[in-house]
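Q: Please take a close look at one helix in this assembly and show what its inward side does. Then set it beside the contact between two of the chains.

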Number of protein chains: 6
Amino acid sequence: MKQVVTFGEIMMRLSPPQNLRLSQAHSLDITYGGGDANVAAALAYLGMPAAHAGCFPDNAVGHAAAQHFQHHGVDMQHCVFQGQRLGLYFLEVGASLRASRIVYDRYDSAFANLQPEWFDWDKILGNAQWLHWTGITPAISATAAQATKEAIAAARRLGLTVSADVNYRRNLWQYGQRAQDVMPELVAGCDMVVCTEGDAEDLFGIKAEAGAENSFVSMSQQLVQRFPQIKQVIATRRNTQSASHERIRGLAYVEGDYYETEDFDINPVVDRIGGGDSFISGFIYGQLTYSTVTEALTFATAASALKHTISGDINLVTAAEVEHIMAGNTTGRLLR
Amino acid sequence: MKQVVTFGEIMMRLSPPQNLRLSQAHSLDITYGGGDANVAAALAYLGMPAAHAGCFPDNAVGHAAAQHFQHHGVDMQHCVFQGQRLGLYFLEVGASLRASRIVYDRYDSAFANLQPEWFDWDKILGNAQWLHWTGITPAISATAAQATKEAIAAARRLGLTVSADVNYRRNLWQYGQRAQDVMPELVAGCDMVVCTEGDAEDLFGIKAEAGAENSFVSMSQQLVQRFPQIKQVIATRRNTQSASHERIRGLAYVEGDYYETEDFDINPVVDRIGGGDSFISGFIYGQLTYSTVTEALTFATAASALKHTISGDINLVTAAEVEHIMAGNTTGRLLR
Amino acid sequence: MKQVVTFGEIMMRLSPPQNLRLSQAHSLDITYGGGDANVAAALAYLGMPAAHAGCFPDNAVGHAAAQHFQHHGVDMQHCVFQGQRLGLYFLEVGASLRASRIVYDRYDSAFANLQPEWFDWDKILGNAQWLHWTGITPAISATAAQATKEAIAAARRLGLTVSADVNYRRNLWQYGQRAQDVMPELVAGCDMVVCTEGDAEDLFGIKAEAGAENSFVSMSQQLVQRFPQIKQVIATRRNTQSASHERIRGLAYVEGDYYETEDFDINPVVDRIGGGDSFISGFIYGQLTYSTVTEALTFATAASALKHTISGDINLVTAAEVEHIMAGNTTGRLLR
Amino acid sequence: MKQVVTFGEIMMRLSPPQNLRLSQAHSLDITYGGGDANVAAALAYLGMPAAHAGCFPDNAVGHAAAQHFQHHGVDMQHCVFQGQRLGLYFLEVGASLRASRIVYDRYDSAFANLQPEWFDWDKILGNAQWLHWTGITPAISATAAQATKEAIAAARRLGLTVSADVNYRRNLWQYGQRAQDVMPELVAGCDMVVCTEGDAEDLFGIKAEAGAENSFVSMSQQLVQRFPQIKQVIATRRNTQSASHERIRGLAYVEGDYYETEDFDINPVVDRIGGGDSFISGFIYGQLTYSTVTEALTFATAASALKHTISGDINLVTAAEVEHIMAGNTTGRLLR
Amino acid sequence: MKQVVTFGEIMMRLSPPQNLRLSQAHSLDITYGGGDANVAAALAYLGMPAAHAGCFPDNAVGHAAAQHFQHHGVDMQHCVFQGQRLGLYFLEVGASLRASRIVYDRYDSAFANLQPEWFDWDKILGNAQWLHWTGITPAISATAAQATKEAIAAARRLGLTVSADVNYRRNLWQYGQRAQDVMPELVAGCDMVVCTEGDAEDLFGIKAEAGAENSFVSMSQQLVQRFPQIKQVIATRRNTQSASHERIRGLAYVEGDYYETEDFDINPVVDRIGGGDSFISGFIYGQLTYSTVTEALTFATAASALKHTISGDINLVTAAEVEHIMAGNTTGRLLR
Amino acid sequence: MKQVVTFGEIMMRLSPPQNLRLSQAHSLDITYGGGDANVAAALAYLGMPAAHAGCFPDNAVGHAAAQHFQHHGVDMQHCVFQGQRLGLYFLEVGASLRASRIVYDRYDSAFANLQPEWFDWDKILGNAQWLHWTGITPAISATAAQATKEAIAAARRLGLTVSADVNYRRNLWQYGQRAQDVMPELVAGCDMVVCTEGDAEDLFGIKAEAGAENSFVSMSQQLVQRFPQIKQVIATRRNTQSASHERIRGLAYVEGDYYETEDFDINPVVDRIGGGDSFISGFIYGQLTYSTVTEALTFATAASALKHTISGDINLVTAAEVEHIMAGNTTGRLLR
């Protein structure tokens, strides 16, 4: 089977153990993640060949980050080791009504300073069927945006499916260009996008029609009209109860039809970081495996629900485990 | 007071800490347990003399397993140290809708290879009032089944009460005999059994009558008819909400009458392994302490509920702590 | 801004990690706390100058205890290092229906053996606007009671606001005097008290009128009548669901008017110790910051709710974080 | 085989992990030990029946202490659970030229408050061949001294061998009697004593003769003359290089003859607490096992050397492991 | 560059942390290793393409073992996932004069039960330049021996260099064939072997000539005469001081000439498991990189010395780090 | 007593536990340190009032860094909270012949971006007797160099003693100015400097005279000639045995006389970071406490030796502990 390839930044995540605050911590649990690479790793765990292209400092920290994904089966041979530092962030994990908080320290990373010409997309995508990227990547630096553009162009040229999590984060766009100017061209090259009503309004000025029965459908209709390459718009609807209790459902607008899953209830949440990425990897897997959108969407949402019970950014679950949940086994009976 | 004696295999349990998956773990928490020995240890904690007979490899691992039960007050002097390996299993602890999973590695253990003649039951039971065993033991090997048979015979001869958790696990019976052929003779020697409707059907072909108001009662009536030595049939009814949230109630059919407790709600569950064993130890304690079945059953169910909040297989609670729950103190107010 | 000064004993708290029982533990997590010093530390975290006066043994344990509060910004320069031992207690943290349990080992501590003359209150309170104490302090020893009396007298003399958490613990009063004889004089010097109906009855013989619509109001009315210096009576009303799930609301009776907040739901509870202290520090902060009782009380209750999600005795939250909860953001959405 | 019985206090030991200082620690490793009980536990590990008589508070802490010794095979049935607190101490573990430091918090313990009549020595020693005690026990309180006296008297009456580690600690004698007045009568009942030249001078005014070739021999000669029941005087000679590097040899004066082992070199030292106790248990084991003093003394010293590599107070080594060292295998080659 | 391929069993290693004994441990540190796979992983770390062929149970434990090597860059695509259990062993890590001890639990593993036809050596070795195996593999089972034979035959056919660590472990050969009958044919196909005088005598009856100046040279001369394909015989000479202090030097007999390095002193030893494997990987790297035997041997020995300071079985060092030691920088000055 | 004030950057230090490499680590131990702030903290521990002026990001990470020093008694009220990130570095702790390695990630820190006008030196130094700085500070940025210059000028104006650790690190000077141009003016304002022969040559072009009996003396003579304000030149001479074994001695050139201590042997080294800083704090303490240079130098060197046994950057030792070493007690005998 051909690979799914992702492109983007991988950061070190540092968290005080056991809900401690930073001022109490004497050690930090570390893991590594990135919105795109998490998709590759989850797919590898589901049994699908996956590769990631990224850029890391050529020091012990950078190599440790890359090895973390290698551990979980991602082909990292196209990664570049150049530059000074790995982006990182500190995560205080909340509980109940106390929210988790992130302190970012990601500027001027090796990834931000990448040169587009370091990535030979024809080679990287030579054995691939799918390219996935996120809106975080073009937000990081002009060169990262340029590389994303070149990757999408190559993917289209080579006949791959292209997907994106548009994921607009206002604060990230600091290098002098506006998301509103950069993103449309990139999104135009996509077959599938994860996009919420908020993202659509912020990035493309698309608002759900006033009085629309379903704002997601309304937004999606306009989105596919604006970007005719897009055939599928998907998203999760979170009904967050507390930092420890989440309810999610999956939404999809596919070729004119609307799909929606039941709610999945997750209580307690073990780790919510990467919940969206696992939805996407689940949907990619589902698309390539099942014949109906309903199945693919249910698989994706069940996978995302499971992710909330897994520590770290990556959804370390097998396809059989997701199918077990899909089959309605959500009471967690001991499996011997 | 005379001892309660249990017989069976003790295994090492290895779990990744903090809900991690095995592929993420760099250390494993260890504890030791067995469905029968857990009963002995819980009784010792409740203040009742208890002994266990088992078989361990004569190496550092085997001795560590035995010492774990010695720590909690079980008389281990009748244990035999012979053989090569301790049975073990890996437990990935789930959360919320993710089930806990067990990978067994228990074949060819020292216990499976025991010789019946290593156990002098007249001596082992010489100071005892009660023998308890589980259906796991005769499932392990022909010699283990034979030793169980001899233990029951000796117990009957010496006038002890005999109880069993019939606990049918299809996958375990690998040594060439069928549970359906072995178990009836063993169960026939019991005064009290833990048995669910599923166990009764699988092992003895006993089905609750169609249309019976209460399937447990219907099953129990047939069971005591088939095995006239049995005076008490007990079980817990689990209403599992998720891997982290359990509701249990206790059921008993005693000399023609049916008893049932209220539900006990456990959220979150700290450790569900050994929940059934703690119900049995609670019922044995209750039988020997209280004058009514209702009290004994409530004690047993409250004890089992508490067990779900204790880490490890063994129910490390005092009688006073169980009675505190029995008295309705289930809101967990701080005790100074 | 002038300081809030607290006076009282700080103890070492030793807890088995991860809900273990003491008989299972091979290490104990340690922290330090005291009902009064916790108030000082929380205020320091909220950005208000705070100092604590106490007494510690002049050894590595005593200094570690004092440094713990220095870490969180409390001015400890008025502490005395004299005596033999630090009071301590062992805490088994429960879960669900299993209550947390405390084993105290606090007698004959350095604090209990303090000499009142070691504390020069005019100097200690010289830069202060507020003195806070708890009913635990005069319970510890005659000299501690005497020092409390002198502190209150000095505070009144210097024009400070005085508050107390009356916090009656029957078992503590072991040195030959009765709380009922000692406390009234001390409480008479207070402007604000935390007092429940139970405390009022036990300490002052004040019972809510039979048939009173609101027992807290009825009690408070009598309390302010008895002790005319008191202008504010506050308390939290706990609706404890389990050791892991708490609901609290704040109550206040201020100059004849009654105030009450909504319930705050905390599930799971990370650490309930210090929940009351954080309510008080929140109310002191609120009093000195907001113009209405409603705001102060809501701030106090939100602060206390947050405390239940923080490990250790001290409420390590900023004012902005409490205000975030006050503004209704209780679903714990990730803050980037 | 008959039991070796020990009598004395068991304390909780609390140490910051990994050489940290108390002011840096957020958890403390805990273990339990006592100079006499350590001897019982090491003997149990060597395969010799051993029992300990002591007194613990009847709370979770006291029971945990007793269970620690039960774990390692010591018969604890003669222990009494009465009183308020367990003695404890804080240990900062040094390294290299930084010495380890102890902060004691042991006064007014359950053991110190024992009543001699709680111990029925005829019953406790009924199945014993040997009684061992240390000079710490009579130092703790008048009642502890009295109980020691009664134990020795019973042992003599029942024909047991009696041994003592005289272990003079000046600071401990706080209850109003002088060691110099109490100890001689107790030591007079012993067959074997561990005693250094310093101890002999401090306790009995015995000084090695000026110009004696061997001060230990000179002291021992006078000691056996003063106390004719004593047949054996033993001691270790430490040649401490640093907190991490120890050299020890064993000395014995037995019925007029002097014995001395080679030096055993221990680098690094894992845990030096209990090094003397393991020497004594080794010598008791050696006496009851070997035919020559040389073998017994070498066994004892090798056992003590091994103890320095074991974490905790108790020498968790088998006889075969000690014999392996005795046979000269001190280079630590991997044993498969 | 073409791959170095290794073949053999990978086991889970379970060790109590911080020099604890098994009877004290409540968690076990885990890692995975195998004498051959360790060579592959070290080579990957040195920057040389490496692959491993092995067999694992198709469960979470087996996959975790394989992922451990994937993490460090070994190509695991030729591994087979079939069978029931992963071999494992318990390691108590000694210190000073206390030896480390291993308790094996490796029989009947998935690897032992492999079928030779599962390995298509022409494919596995298709992109390789070197095959390395150890004497442990043919000791495990008849099928493992057969697969080894087939691998060597294929390697010879394809023109690869073949090396072996003959590593005779008497206890392992349990399946009915003698090492003396199996090994000669396998060794006959090797170009390079690690072999000590003891191995040569036990396996091949080759004894160093009496009075030989250098027993290693004498043995090697006979070995190359017997097995003319062998061009290089290498070994390490250990001068073990204690479990914590090692001295090693490297020996080589290459085409008639003898080479020997200086001693490398390692104090303290962090982890000695895999010390030999790192010597071999170092020599393979050295052979393929340097022009002289002296350089290759010094690189190998320096690499092995470094391995003793690395936790786990695998030598996680870069070529630059080994070269830093080769250049004489053995005093461990901080590198910024 | 008046304060010693230090100025400089504090960084977070992140280390894999227990000698692991970064690619193996799943958590990182954290501490905070800076060459100048470490001096302040050690002085506070020695009982001397100390304050530090620095600049931190106004987020949870920056406040945690400042609190770390507050914990140990440093007055942090003059610190500024402005900017984006805290400088940090990763430390792999070596052992034996494997060197510890640092990966820096410190550019563009809040401290580097400080504005000199944020520091009101007349206020900061208003209650001080001493200012200490290091050569790292002016290397970080032009504004940091400017602030250093202003601090020295203010100190001179206010009559303080000024000391510096010249500590030349070539790699740090990246902002466009040369150390050789910046440092002379700053050093000219110092009364005491720590300076090695290498530093003197690199920074000031001062070479020990060829054939000088003592290169340190020769260098020092030239240094005091060049910078007449300097009265004392001190340094440690390291005779590093391995990453785990250090030998140090102290050197001083004071008003024309040369002093030198004996070697202090540290084996094993617990933590070598901050060893030089502890020498300086020891010398400052010694200068202000003792009457002779010999005593001050011995105190400083003993303090530094002790530091090597303390985890973290800061020398957490009391004056009594240093004096214990000064008195020759270097064998680490247990202190009760």
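A: In this predicted model, the buried residues of α7(F) pack against two other helices of chain F, α6 (179-187) and α8 (215-226). Helix α7 of chain F covers residues 197-204. Its buried residues are Asp199(F), Ala200(F), Leu203(F) and Phe204(F). Look down the axis of α7(F): these buried residues fall within an arc of 100 degrees, so they line one face of the helix. The general geometry helps here. An α-helix has 3.6 residues a turn, so residues three or four places apart point the same way. What follows the helix? After α7(F) comes Gly205(F). The phi of Gly205(F) is positive, near 65 degrees.

Now to the contact between chains E and B. Chain E brings 20 residues to it, and chain B brings 20 residues. On the chain E side, four elements each supply at least two residues: β3 (27-33), α2 (60-71), β7 (88-92) and β8 (101-105). The most comes from α2(E), with five residues. By type, the side of chain E that touches chain B divides into nine nonpolar, six polar and five charged residues.

Strand pairing crosses this contact. Strand β3 of chain B, residues 27-33, is joined to β3(E) by three bridges. The two strands run antiparallel. One residue pair can be picked out: Asp29(B) has Ser27(E) as its bridge partner in β3(E).

How are the two copies related? A turn of 180 degrees, with a shift of 0.0 Å along the axis, lays chain E on chain B with an RMSD of 0.0 Å. The two copies are thus related as by a two-fold rotation axis. In chain E, the C-alpha nearest that axis belongs to Leu28(E), at 2.6 Å. Leu28(E) falls in β3 (27-33) of chain E. Of the interface residues of chain E, 100% are also interface residues in chain B, so the copies meet through the same surface.

Last, the confidence scores. For the model, ipTM is 0.96 and pTM is 0.97. For chain A, the mean pLDDT is 97. In chain A, 100% of the residues reach 70 or more.

To recap the helix: Asp199(F), Ala200(F), Leu203(F) and Phe204(F) are buried, and the buried residues of α7(F) pack against α6 and α8 of chain F.

Methods
Residues are numbered from 1 along each chain as its sequence is written. Chains are lettered from A and ligands numbered from 1 in the order in which they are written. This is a predicted model: local features need pLDDT of at least 70, side-chain atom pairs count only at pLDDT 80 or more; totals for chains, interfaces and linings use all residues. Two residues are in contact if their C-beta atoms, placed from the backbone, lie within 7 Å. Ala, Val, Leu, Ile, Met, Phe, Trp, Tyr, Cys and Pro count as nonpolar, Asp, Glu, Lys and Arg as charged, and the others, Gly among them, as polar. Two strands pair if DSSP finds at least two bridges between them. A residue is buried if 20 or more other C-beta atoms lie within 10 Å of its own, exposed if 12 or fewer, and partly exposed in between; C-beta atoms are placed from the backbone. The arc is that of the directions from the helix axis to the C-beta atoms. Copies are superposed by least squares on the C-alpha atoms of residues with pLDDT of at least 70 in both. pLDDT is the predictor's confidence in each residue, from 0 to 100.
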